[in-house]
Amino acid sequence: MTCFDEGSMTSDYARYLAAKTTVDDRALSQHVLAELRRLMPAGAPRVLEVGAGLGTMVARLMDWGVVGAGEYILLDADRRLLDCSCRWLCDWAAARGLRSYLLPDGLQVGELRVRLVHGELGRYLEAAHGAPADVLIANAVLDLVDVPAVLPGLLRLLVPGGVYWFTINYDGETIFAPSHPLDDQVMYAYHRDMDERFRYGRPAGDSRTGRRLFHYLRAAGAPALAAGSSDWVVSVGPDGNYPGDEAYFLRCILNTIQNALRSRPDRVEPADLADWLAVRGRQLDAGELVYIAHQLDFVGRSPG
Ligand SMILES: C[S@@+](CC[C@H](N)C(=O)[O-])C[C@H]1O[C@@H](n2cnc3c(N)ncnc32)[C@H](O)[C@@H]1O
């Protein structure tokens, strides 16, 4: 994929999102997905995915036969990532023998029109929009925003009774194995960083988004019709290798923790953090590192 070869932050992040695909494939709750299939409008629905990143979800949903026709909008705050997305989706379609061609605002893949929309979610919700969506998707995104503030506006993007599918919502539990004496301290500090994060001038994250969504969705008049866990579980296979590009995915997880804590010596001593990271890095290189992150998926309908 050309967008991975440019040596920029965006290309690193695009590679991370591509590497995450197989981890999400295994993790997504099949129970919740079955309910999504049942609720999915027939014909050619209008789907909006917020924080869509590289667009791996639209590819997955076409692969899994959940969407095939209609319109699918990818909204993301990162314009360069959306550019990567166009190329990534064209390559993905070509690898499957699917006809695709570029459009002024996205691309056509088979019977599906994919539109790329650059925008920050909070501002997007404040602006006027065209036709509401039949289906709203957010994958690995709601734990990056202030859910109580944005959820009512998000649900208003749907037609009354429209379907939401909110997946891979982090829920405050991470396990690295084998255990290390500093695990609890590192993860406690990392969760505090998530809880205090600000992006785009707004609070941006909650380390316990998953469990809190039960209440938030009910309070917004859209209780979940199904919920289930979507834990990331990453370990080497029988051949001693991590599947796909998942060693890179794990390296990115360790880098994210390092970046969050390197400026907080009051929470984890720099020497302790360096030791923890060095041990985890060696375990990753040796194929010994196991990583588990607890997450939750939800599906339901908007009010009305
Ligand atoms: C963890 S990534 C998930 C991407 C994609 N949903 C996936 O699972 O591969 C989070 C994405 O949300 C986008 N994002 C984060 N905060 C956002 C905001 N406030 N408005 C719009 N996009 C946002 C980021 O640019 C990034 O692409």
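**Exercise 1. Which of the 20 residues around the ligand come nearest?**

Start with the ground rules. The model is predicted: local features need pLDDT of at least 70, side-chain atom pairs count only at pLDDT 80 or more, and totals for chains, interfaces and linings use all residues. Residues are numbered from 1 along each chain as its sequence is written, and side-chain values use heavy atoms, with hydrogens and water left out.

Step 1. Set the shell: a residue is near the ligand if one of its heavy atoms lies within 4 Å of it.
Step 2. Read off the nearest: Lys 20, Gly 51, Asp 76, Glu 120 and Leu 121.

**Exercise 2. Find polar contacts of the ligand, then its buried share.**

Step 1. Apply the cut-off: a pair of N or O atoms within 3.5 Å.
Step 2. Take the backbone. A polar backbone atom of Gly 51 is 2.7 Å from a ligand nitrogen. For Leu 121, the distance from a polar backbone atom to a ligand nitrogen is 2.8 Å.
Step 3. Take a side chain. An N or O atom of the Asp 76 side chain is 2.6 Å from a ligand oxygen.
Step 4. Add the area (Shrake-Rupley method, 1.4 Å probe). The protein buries 92% of the 590 Å² that the ligand exposes when taken alone.

**Exercise 3. Check the cysteines for disulfides.**

Step 1. Use the criterion: two cysteine sulfur atoms within 2.5 Å.
Step 2. Search the whole structure. The count is zero.
Step 3. Inspect Cys 90. Its nearest cysteine sulfur belongs to Cys 86, 5.5 Å away, and Cys 90 is in no disulfide.

How values were computed. Polar contact = N/O pair within 3.5 Å; in protein donor to acceptor, adjacent residues only side chain to side chain.
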